[in-house]
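Open the structure in your viewer and keep the selection tool ready. The tour makes two stops.

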Amino acid sequence: MSVSGALAVRGRGSELDLVLRTLRRSRESGAALVVVRGEPGIGKTTLLAEAVTQATRLGYTVGQAAAHDGDRIAPLASLGPALRTGTDPLVTSAEFLDLAPVIEQPLWLAEHLATLLTRRSKRDPLLVVLDDLHWADPLSIFMLRIVPARLAAAPVVWLVATRDIPGGPAELVAASAAGLPVHHLELHPLPEEALQAIAADRLGEPATPPLARALRQTGGNPFLAVQLVDGLLAPGAAQDAGEAVPPGLVGGVRQRLATLSAGSAALVRTGAVLGARFALDDAAWLLHEPVPALTEALAEAIRAGLLVDDGSFIVFRHELLRRAVYEDVPPSARRATHRTIADHLVRTGRGAAEAAPHVLATATPGDAAAAAVLRRAAHDLLDTMSVTSVQLIRQAFALLPEDHPERAAVGQEVVSVLLHAHRREEAAALADQLLDASPPPDTAAALHLSLAPGLWSTGRFGELADRARDERAAGASPALRARLRAYASFLAPGAEIAENGDPAATAAARAAEASRAERGGYYRAALGHYHAAEEAAARAAGTTGALPVVPLRLRRLVVRGHLDQIAAARGELPDGPTGGGVGADSWQAPELAWVRAHLELGAGQLDAATAAATAALRAMDELHDHTLEARARTVLAQVALLRGDLPGAHVQLANVERRGDPAALLRALVADAEGKPAGPATVELAAYADAVWRDEILVHLACAAARTGDEATLRAAAEALADLASRNDGVASLAGAAALAEGLVTGDLAPAVVLLGQAPRALLAARVDEEAGRLALASGDRDSGVPALRRAEQAYTVHGAPAFAGRVRGLLRAAGVRARRQPAAPRPQTGWAALTATERRVARLVADGHTNKSAAAELFLSPSTVNSHLRAVFQKLGVNSRVQLANVVLRTLEGSDRAES
């Protein structure tokens with residue numbers, strides 16, 4: 001809380017000037033983030049208050065709030081008030097209520113909130129202020145990580161203040177805003193003249209020599225200086241100002257409390273234990289007084305400069321004041337009060353979550369009752385505050401000794417909560433720790449089964465099978481053993497699985513069959529198995545080890561696409577970010593976006609495929625889950641190759657290899673585009689590649705081999721396509737692709753033209769027209785060759801494949817056909833080719849180590865303009881740091897040099 005509005009600029013002129021410059025620039029250059037750091041009492045809140053005053057004068061609409069120590073148990077408790085309070089709130093009450101249905105889906109919530117603030121910023125520029133970020137609830141921190149970057153082009157300034165905590169929320173928020181201008185303000189101790197000015201402001205006259213000497217002992221801390229002037233800090237008692245609560249402040253507050261009536265002092269001490277802000281009703285209950293009887297006591301504490309009444313809660317004027325009062329309460333009294341508060345909150349139905357901080361303040365090892373409250377609190381918060389839920393359940397587990405009879409059960413709950421929070425590695429480590437204690441077979445089986453769906457979804461079938469075969473679970477119940485055997489079957493083709501009518505076991509067994517069938521190219525069989533797995537998983541929902549329904553459904557849609565049901569599969573995907581008919585939650589956003597990208601690529605909708613793959617990468621960054629990054633980047637690389645953007649394909653390949661993901665096929669395709677023959681080995685890679693359009697890649701390899709006379713590769717591709725078509729009888733695109741490759745061997749492409757004309761695969765149809773036209777011209781048949789090439793050229797152009805269209809135009813020119821005037825090809829949306837000339841120069845300079853300022857000097861631009869270009873570069877190249885940018889630029893330029901040599 002601000003010490004005094006008049007003190008805002010004392011010694012902080014340069015810091016305030018930076019904030020004002022940021023506000024002025026944001027109107028034109030878009031969003032920005034300002035992070036103010038400093039020790040308690042250094043003046044962060046005062047600086048924020050003055051910034052709000054100045055922003056209002058500049059025409060900004062302001063939303064402001066402060067986080068509190070108890071915010072971590074309520075979703076959006078910190079940021080929510082900044083959005084919906086004030087005379088002209090950034091988000092109306094009705095709009096805020098509309099967010100309630102997605103409060104449990106943080107990524108969808110961020111999407112909706114970004115939409116609301118974008119719309120609001122079109123009326124006025126916005127300033128969003130959050131003080132004491134270090135206390136913010138996890139959902140508010142998540143919103144601050146995601147939403148600012150989504151409003152990069154909007155005139156929105158985000159101003160947050162925090163204590164300097166390494167690895168704390170401020171670092172997370174700043175790192176996630178890498179594409180925005182981020183300004184860091186470190187508030188240092190004030191010089192002596194500023195402290196003297198503060199004293200003069202408070203007293204109305206210069207400080208006396210004794211007071212001036214005492215001010216020097218405050219360590220430049222303006223809060224302590226004000227308390228010294230106001231008499232809450234005794235002269236000569238501030239030499240320990242560097243401590244969290246200076247002893248001199250505790251003594252000064254003790255003296256001030258001694259001047260209050262007994263009732264007022266009791267209210268202040270009770271409030272200090274209740275928290276930084278508290279309800280007067282709770283204080284009245286603890287003091288055994290009716291609320292009206294506390295009116296004078298409250299007024300007295302307010303006059304003493306200790307408390308403030310904000311209309312809803314009673315708040316200490318500064319957290320350091322509360323801490324000083326709290327430290328002055330005898331430990332035994334603090335402990336008894338915390339326990340009484342916790343009992344009261346639980347008994348009156350306020351919930352275990354609200355009682356949890358008070359339980360933690362009194363709990364000691366072996367306190368099973370405290371552990372029980374924390375467990376209830378963890379489960380109460382699980383859906384909306386998973387981060388806090390993890391903390392609470394871990395603390396409950398830590399309270400129980402090794403030999404406690406409930407320790408194993410609580411350990412299982414910890415694993416479950418960690419998995420719910422998508423912290424799989426932590427869950428696996430704890431599960432292994434529990435397994436080392438030789439738990440009962442049912443417990444061992446349940447631990448392995450709880451991890452199994454995550455291992456399945458990430459394709460870690462080897463680890464999945466090892467866990468499913470663990471001998472420690474051998475004596476488990478029949479149902480649990482059936483589920484483990486089903487999971488073991490992912491690496492045991494043909495194994496007989498006795499499912500015993502258990503739907504979870506059925507879902508796992510059918511998913512294993514589906515996975516093997518899909519990898520083998522038996523798409524019809526895979527579709528049936530995925531459908532059966534999906535139905536069984538729906539019946540098994542909530543059962544230990546049950547597979548999630550949505551990923552099964554999405555994999556079914558991928559298989560439908562390979563069976564020429566692309567339109568139907570795309571129709572099952574939602575139009576917006578809410579998961580729609582597939583029932584996805586926001587943690588499944590990357591997979592949802594990748595499936596869309598994959599289907600759009602198969603349909604030849606390259607712009608839509610690019611947008612979806614880029615959305616998948618963004619969701620992975622936001623959720624810190626990069627499981628599907630290689631798949632999304634493979635889509636982007638294939639699009640880049642279709643567009644003739646070889647550097648862009650190199651960018652995607654470099655990013656896949658940087659993560660250590662398998663990239664052999666993608667590397668071979670990029671090499672093929674560079675003119676290096678693919679060879680039969682690449683055909684083998686493509687024939688059993690996962691998560692790509694095998695038929696299209698095999699057709700490409702066959703066509704390239706036919707042009708270079710590589711009969712071995714051509715025949716290998718033709719055989720692979722024939723096998724794929726035979727496994728899926730009646731699928732026009734697969735039959736047509738096989739006929740195309742065979743036609744390149746025999747010289748008869750007529751069957752392929754007919755078949756692919758019936759398929760929903762625009763680029764495959766264009767490819768057969770190109771090859772048919774090429775063969776016709778080679779045999780002297782211009783009457784059929786030229787129209788076929790014209791159709792191919794038009795299809796390639798319409799679908800955004802300019803490299804292939806240009807290749808066809810070359811054939812037409814060689815045949816003496818006058819080229820039709822072509823519209824300029826649209827600039828790609830991602831990759832190196834998407835960058836403008838200025839963006840490329842900025843990227844190269846930053847990769848060479850230039851700052852925005854030095855790059856601006858080189859290019860004769862302003863640093864703000866360079867920053868805008870850099871944001872665009874980050875977005876188009878799919879990177880979020882200067883180090884990643886430097887690596888991408890280096891590999892891109894090296895790839896260009898190789899292509900030219």
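The model is predicted, and the tour goes from a strand to a helix.

**First stop: a strand**

Select residues 32-37, which form strand β1. Six of its six residues are buried. Colour Ala32, Val34 and Val36, which lie on one side of β1, and then Leu33, Val35 and Arg37, which lie on the other. Both faces of the strand are covered.

Now add residues 156-162, strand β4. β1 and β4 run parallel and are joined by six bridges. Find Leu33 and look across to β4: Trp158 stands opposite.

Next add residues 182-186, strand β5. β5 also pairs with β1 in the parallel sense, over five bridges. Which residue of β5 is the bridge partner of Arg37? The partner is Glu186.

**Second stop: a helix**

Select residues 802-814, helix α41. Place a distance label between the C-alpha atoms at its two ends: they are 18 Å apart. This agrees with the expected span, because 13 residues at 1.5 Å a residue should also give 18 Å.

Within α41, show the side chains of Phe804, Ala805, Val808, Arg809 and Leu812, which are buried. These residues cover an arc of only 140 degrees around the axis, so they sit on the same side of α41. An α-helix has 3.6 residues a turn, so residues three or four places apart point the same way.

What do the buried residues of α41 pack against? Select α31 (629-642), α35 (694-708), α39 (762-778) and α40 (782-798) to see their neighbours. Then turn to the face of α41 directed away from the buried side, where Arg813 and Ala814 are exposed.

End at Gly816, just after α41, which has a positive phi of about 80 degrees.

Technical notes: Residues are numbered from 1 along each chain as its sequence is written. This is a predicted model: local features need pLDDT of at least 70, side-chain atom pairs count only at pLDDT 80 or more; totals for chains, interfaces and linings use all residues. Side-chain values use heavy atoms; hydrogens and water are left out. Helices (H or I, at least four residues) and strands (E, at least two) are DSSP runs, numbered from the N terminus. The expected span of a helix is 1.5 Å times one less than its number of residues. Buried means under 20% relative accessible area, exposed over 50%, partly exposed in between (1.4 Å probe, protein chains only). The arc is that of the directions from the helix axis to the C-beta atoms. Contact means heavy atoms within 4.5 Å. Two strands pair if DSSP finds at least two bridges between them.
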